[in-house]
2 protein chains.
Amino acid sequence: MDKKAIYNLTYGVFMLSTKFDGKANGCITNTCMQVANNPIRIAISVINSNYTCELIKKSGIFAISLLDKECTFETIKWWGFQSGHDVDKMDGLPMPEDIQGVPYLSYHSCAVISGKVVEQHDLGSHTLFIAEVVDAKLLSDNEPLTYADYQNNVKPKPEAPKTDKKIVGWRCKICNYVYEGSELPADFSCPTCGHGPEDFEPIYG
Amino acid sequence: MDKKAIYNLTYGVFMLSTKFDGKANGCITNTCMQVANNPIRIAISVINSNYTCELIKKSGIFAISLLDKECTFETIKWWGFQSGHDVDKMDGLPMPEDIQGVPYLSYHSCAVISGKVVEQHDLGSHTLFIAEVVDAKLLSDNEPLTYADYQNNVKPKPEAPKTDKKIVGWRCKICNYVYEGSELPADFSCPTCGHGPEDFEPIYG
């Protein structure tokens, strides 16, 4: 078997979130597809060791935010490269909630689909959830990010050489908000996404 | 609910085939994703009224050929716009068989994955099959076709205006094989994919 053949399956990239008993979490996944009509059902597959998976088994509800082509690596790193077992990823973030009360991503996301689990199947490494779509909203006109886009365009490239130019502003790497000024206050938090100075990068004039 | 939001899910485009009791059939689908590791499992969703679905329920095996960016509309029309209930789509086509004896697409396809069904779930309009991957092969270096590519680039555009130029050859719309000469013999069949004169288009000099 040549596993490279299986890598040729096409996927999107999603932020999957849920909330149970006051605890909310989200993670990055690439497996979601519509599997039936009337009613519309989708299937998602989630790694069993994942905290979001654990919470969905208890809550029976989730939101899946469809990342778009403007999504940055920092957003994917935030949701995908740290575990909800260790940190509260939503702490302090001003996230809207869907019809079921599940927080979703309002930036870098072109749509959000709300699912209510109707079946779940343990497949060893992963659990497959089949869910009825209870709501779906377009969030922007941006094109959805594909997993191939992520590999080719979003994953970080080698850093550009340093420059002697002056800093004229700071860009939030999470949501692209721009702060004008050479010095970002140490206690600044982004008015759009709530992230702090460590998630800003300098803009050179 | 805004159904347009759900259209932002990203898919590939596939030719799904199976064989049972001497009867083989294939159809076009866009729903296949890996759902587990160790062993690797994939899930596919197929419309219940589809003849391929009927045959997979009996055979428990299938091949999924991953269409690539060179795929033509004619290939998709052949497998997707006619029903196995009415015609034998594989009759006379020189199709290779996978490890399970299922015919697959050796042109316009960058990979083929062979699945053995381990679970099936009737979801009303569709059946969801969960299958162990028993083999996978790369067929070319071409990039996989996405459903968005199909919508934007493969679906036919308005026809070009007629020309007075001479016909110098004929191109097979199925596999792009070129026959050199102004007249295609009436009993000609493509040496690559087996299709007849009705699937050739003129090349003007």
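Reader: Which residue of chain B comes closest to the rotation axis?
Author: In this predicted model, that residue is Tyr11(B), whose C-alpha lies 3.0 Å from the rotation axis.

Reader: And what rotation and shift are we talking about for chain B and chain A?
Author: Chain B is superposed on chain A by a rotation of 180°, with 0.0 Å of shift along the axis, and the RMSD of that superposition is 0.1 Å. That is the relation of a two-fold axis. The same surface serves both copies, since 98% of the contact residues of chain B recur in chain A.

Reader: How many residues does each chain put into that contact?
Author: Chain B gives 43 residues and chain A gives 42 residues. On the side of chain B that touches chain A, the elements that contribute two or more residues are helix H1 (3-6), strand E3 (32-36), strand E4 (41-47), strand E6 (109-122) and strand E7 (126-138) of chain B.

Reader: Which of them gives the largest share on the side of chain B?
Author: The largest share comes from E7(B), which supplies 8 residues to the side of chain B that touches chain A.

Reader: And how does that side of chain B divide into nonpolar, polar and charged residues?
Author: On the side of chain B that touches chain A there are 23 nonpolar, 13 polar and 7 charged residues.

Reader: Let me change topic: into which domains is chain A divided?
Author: Chain A is divided into domain 1, covering 3-153, and domain 2, covering 167-204. The C-alpha centres of these two domains of chain A lie 27 Å apart.

Reader: How many residues of the two domains of chain A are in contact?
Author: In chain A, 8 residues of domain 1 are in contact with 7 residues of domain 2. The side of domain 1 of chain A that touches domain 2 of chain A has, by class, 4 nonpolar, 3 polar and 1 charged residues.

Reader: Back to chain B, then: what is the strand order in its open sheet of 3 strands?
Author: The order is E9-E8-E10 (chain B), and the pairing is antiparallel. Strand E9 (178-180) and strand E10 (200-204) of chain B are the edge strands, each of which pairs on one side only. Neighbouring strands of this sheet are turned against each other by 30° on average, with direction ignored.

Reader: Over how many bridges do E8 and E10 of chain B pair?
Author: Strand E8 of chain B, residues 167-172, pairs with E10(B) in the antiparallel sense over 5 bridges. If you would like to find a particular position there, Cys172(B) stands opposite Phe200(B) in E10(B).

Reader: Where are the cis peptide bonds you would point me to?
Author: In chain A, a cis peptide bond joins Asn38(A) and Pro39(A), with omega about 0°, and Pro39(A) has its place in the loop between strand E3 (32-36) and strand E4 (41-47) of chain A. In chain B, the peptide bond from Asn38(B) to Pro39(B) is cis, with omega near 0°, and Pro39(B) lies in the loop between E3 and E4 of chain B.

Reader: What about His108(A), and where is its place?
Author: His108(A) is not a glycine, although it has a positive phi of about 65°. The place of His108(A) is in the loop between helix H3 (73-80) and strand E6 (109-122) of chain A.

Reader: Last one: what is the mean pLDDT of chain A?
Author: The mean pLDDT of chain A is 92, and 97% of the residues of chain A reach 70 or more. For the complex, the predictor gives an ipTM of 0.78 and a pTM of 0.79. As a general caution, where pLDDT is low, the predicted coordinates should not be read in detail.

Methods: Residues are numbered from 1 along each chain as its sequence is written. Chains are lettered from A and ligands numbered from 1 in the order in which they are written. This is a predicted model: local features need pLDDT of at least 70, side-chain atom pairs count only at pLDDT 80 or more; totals for chains, interfaces and linings use all residues. Helices (H or I, at least four residues) and strands (E, at least two) are DSSP runs, numbered from the N terminus. Ala, Val, Leu, Ile, Met, Phe, Trp, Tyr, Cys and Pro count as nonpolar, Asp, Glu, Lys and Arg as charged, and the others, Gly among them, as polar. Copies are superposed by least squares on the C-alpha atoms of residues with pLDDT of at least 70 in both. Domain bounds come from an automatic or database domain assignment. Two strands pair if DSSP finds at least two bridges between them. Axes are lines fitted to C-alpha atoms, for helices over the stretch in contact, and angles run from 0 to 180 degrees between N-to-C directions. pLDDT is the predictor's confidence in each residue, from 0 to 100.
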